[in-house]
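Visitor: I would like a close look at a single part of this model, taken slowly and with its surroundings. Please begin with one strand and the unit to which that strand belongs, and then work outwards.

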Amino acid sequence: MSKEIPYKIYLEESEIPTQWYNVRADMKNKPAPLLNPGTLQPMKFEELRPVFCDELIKQELDDTTAYFDIPEEILNFYKMYRPSPVMRAYNLEKALGTPAKIYYKFEGNNTSGSHKLNSALAQAYYAKKQGLKGVTTETGAGQWGTALSMACAFFGIDCKVYMVKVSYEQKPFRREVMRTYGASVTPSPSNTTNIGRKMLEEFPGTTGSLGCAISEAVEVATTTEGYRYVLGSVLNQVLLHQSIIGLEAKAALDKYGIKPDIIIGCAGGGSNLGGLISPFMGEKLRGEADYRIIAVEPASCPSFTRGKFAYDFCDTGKVCPLAKMYTLGSGFIPSPNHAGGLRYHGMSSILSQLYDDGLMEARSVEQTAVFDAAEQFARTEGILPAPESSHAIRTAIDEALECKKTGDAKTILFGLTGTGYFDMTAYEKYNNGEMSDYIPTDEELEKSFANLPKVD
């Protein structure tokens with residue numbers, strides 16, 4: 001193409017996708033079904049109703065419908081901050097001296113600061129449509145809780161957030177944004193639930209985990225009339241809503257005849273990565289195009305690269321359904337020195353199946369290297385990235401430097417999930433030289449694996 005590539009590639013408002021794409025429809029090997037923890041049989045719609053909203057259950061269980069219409073009320077809110085731009089990282093390319101072309105899809109242009117709002121709006125909308133009083137949820141680094149509190153305020157329903165204790169303490173400003181939007185925020189584990197009290201008794205002084213926060217949120221949802229539980233990652237429905245990221249990215253790149261060779265996303269539970277890669281993976285599954293897709297996770301919580309592909313509980317309290325995924329074990333708690341988010345013990349069943357089928361790669365990176373990449377990106381591109389996003393930045397830089405060695409002018413696309421302005425405690429530790437890397441030992445992981453449920 002002869003068109004000059006601008007710094008920012010925008011779609012018009014009229015070009016915002018009006019449907020979400022369900023990559024499962026094109027998967028030959030479908031993700032394994034959720035199992036009832038009591039019977040070990042696939043969960044049915046009726047069994048999930050006490051936990052999730054009805055419409056979201058339908059989306060969760062649907063492996064065949066390729067496209068779902070986005071309701072008008074959600075589209076109208078999307079137009080307040082979407083479409084989000086695809087950016088060309090010209091300054092980073094120059095600093096690296098690489099022939100590679102680097103693009104990133106920027107999802108931080110909303111008050112929540114991340115991509116999480118895409119699914120939060122959908123889940124709050126369906127809860128409101130069902131006539132519920134409110135929803136409960138967990139949050140780790142705080143992006144999901146922030147996004148859900150915004151969405152619930154917009155649709156006029158209550159929001160109860162259980163925030164992993166270490167993040168609650170490290171990120172007080174995230175907490176206050178949630179409260180500003182009307183949410184109640186409780187550090188997890190807490191003494192407000194049976195599961196929280198049990199965890200505090202068994203692990204005095206624990207800094208918490210996403211698995212524990214999930215258990216508390218589910219307990220409150222299932223014991224409080226008019227409430228349901230909503231989740232910000234991992235589930236099929238969440239990846240469906242987040243597909244708008246990849247659909248927009250592909251449409252914007254197609255405008256200029258740009259085809260990425262490598263697509264990179266950070267991976268914690270899978271919402272950002274799954275959303276970014278969905279239309280590209282769809283083409284790969286249908287045999288229409290090929291892409292090299294890389295999932296990047298923290299070395300301190302390495303579910304893809306060191307986990308087991310097995311059925312496991314989605315929560316520490318073992319009250320949620322079993323999901324087949326790459327997991328470190330539902331009892332795994334990341335080291336408290338882990339500052340970069342992406343703290344979940346497992347990975348989306350969709351992404352786990354795609355990875356097991358060899359359709360994508362995975363690598364883990366240490367957090368000091370992640371923050372080194374974050375600062376290099378901030379100084380060249382002018383955006384302070386979220387620590388989660390910076391895992392993808394680290395690998396994008398590494399791939400661009402490899403291109404410098406080989407002389408290959410490859411095109412790289414990565415997901416910049418959001419901004420890092422609420423993560424300054426972590427940046428402070430890095431800048432003060434106080435940040436350290438921690439990699440769990442094989443013995444620690446084996447101890448966690450020993451508690452995986454026995455499923456034939």
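Guide: In this predicted model, strand β6, helix α6 and strand β7 together make a right-handed β-α-β unit, with β6 spanning residues 134–139, α6 residues 143–155 and β7 residues 158–164. The two strands of the unit pair with each other in the parallel sense, over six bridges, and one pair of facing residues is Thr139 of β6, which stands opposite Met163 in β7. The helix of the unit, α6, lies across β6 and β7 and runs at about 165° to β6.

The strand β6 has a further partner in β9 (residues 227–229), to which three bridges join it, and here too the strands run parallel. Along this pairing, Gly134 stands opposite Tyr227 in β9, while Thr136 stands opposite Tyr229 in β9.

These pairings belong to an open sheet of four strands, in the order β8-β7-β6-β9, in which the pairing is parallel. The strands at the edges are β8 and β9, and because each of them has a single partner strand, one side of each is left without a neighbour in the sheet. On average, and with direction ignored, neighbouring strands of this sheet are turned by 25° against each other. Helix α8 (residues 172–180) also packs on the sheet, where it touches β6, β7 and β8, and the direction of α8 makes about 170° with that of β7.

With these neighbours in place, the burial of β6 can be taken up. The strand is mostly covered, six of its six residues being buried. In a regular strand the side chains alternate between the two faces of the sheet. For β6, one side carries Gly134, Thr136 and Glu138 and the other carries Val135, Thr137 and Thr139, and as the residues on both sides are all buried, both faces of the strand are covered.

From the sheet one may follow the chain into the loops that adjoin its edge strands. The loop between β8 (184–188) and α9 holds Pro189, which a cis peptide bond joins to Ser188, with omega at about 5°. A second cis peptide bond joins Arg82 and Pro83, with omega at about 0°, and this Pro83 is found in the loop between α3 (72–78) and β4 (86–88). Beside the other edge strand, the loop between β9 and α11 contains Val234, whose phi is near 70°, a positive value in a residue other than glycine. Val234 counts as buried because its relative accessibility is 8%, where the cut-off for burial is under 20%. Lys318 likewise has a positive phi, near 60°, in a residue other than glycine, but Lys318 lies in the loop between β12 (308–313) and β13 (322–327) and, at 40% relative accessibility, counts as partly exposed.

The helices that follow these two loops of the edge strands each have a packing partner. Two packed helices are described by the angle between their axes and the distance between the axes. Helix α9 (residues 194–202) packs against helix α10 (residues 210–223) at an angle of about 150°, with the axes 8 Å apart, which means that α9 is roughly antiparallel to α10. In this contact Asn194, Ile195, Gly196 and Met199 of α9 meet Cys212, Ser215, Glu216 and Glu219 of α10, and the residues divide into three nonpolar, three polar and two charged.

Helix α11 (residues 236–255), for its part, packs with helix α2 (residues 54–61) at an angle of about 90°, their axes lying 7 Å apart, and α2 is therefore roughly perpendicular to α11. On the side of α2 the contact involves Leu56, Gln59 and Glu60, which meet Asn236, Gln237, Leu240 and His241 in α11; by class, there are two nonpolar, four polar and one charged residues. The buried residues in α2 are Asp54, Leu56, Ile57, Gln59 and Glu60, and what covers the buried residues of this helix includes β2 (19–21), α1 (45–48), β3 (67–69) and α5 (117–129) as well as α11.

Methods
Residues numbered from 1 in each chain as written. Predicted model: local features only at pLDDT ≥ 70, side-chain atom pairs only at ≥ 80, totals over all residues. Heavy atoms only, no water. Axes fitted to C-alpha atoms, helices over the stretch in contact; angles between N-to-C directions. Parallel < 35°, antiparallel > 145°, perpendicular 65-115°, else oblique. Contact = heavy atoms within 4.5 Å. Nonpolar A, V, L, I, M, F, W, Y, C, P; charged D, E, K, R; others polar. Buried < 20%, exposed > 50% of the residue type's maximum accessible area, 1.4 Å probe, protein only. Pairing = 2+ DSSP bridges. Right-handed = clockwise from strand over helix to strand, strands pointing away.
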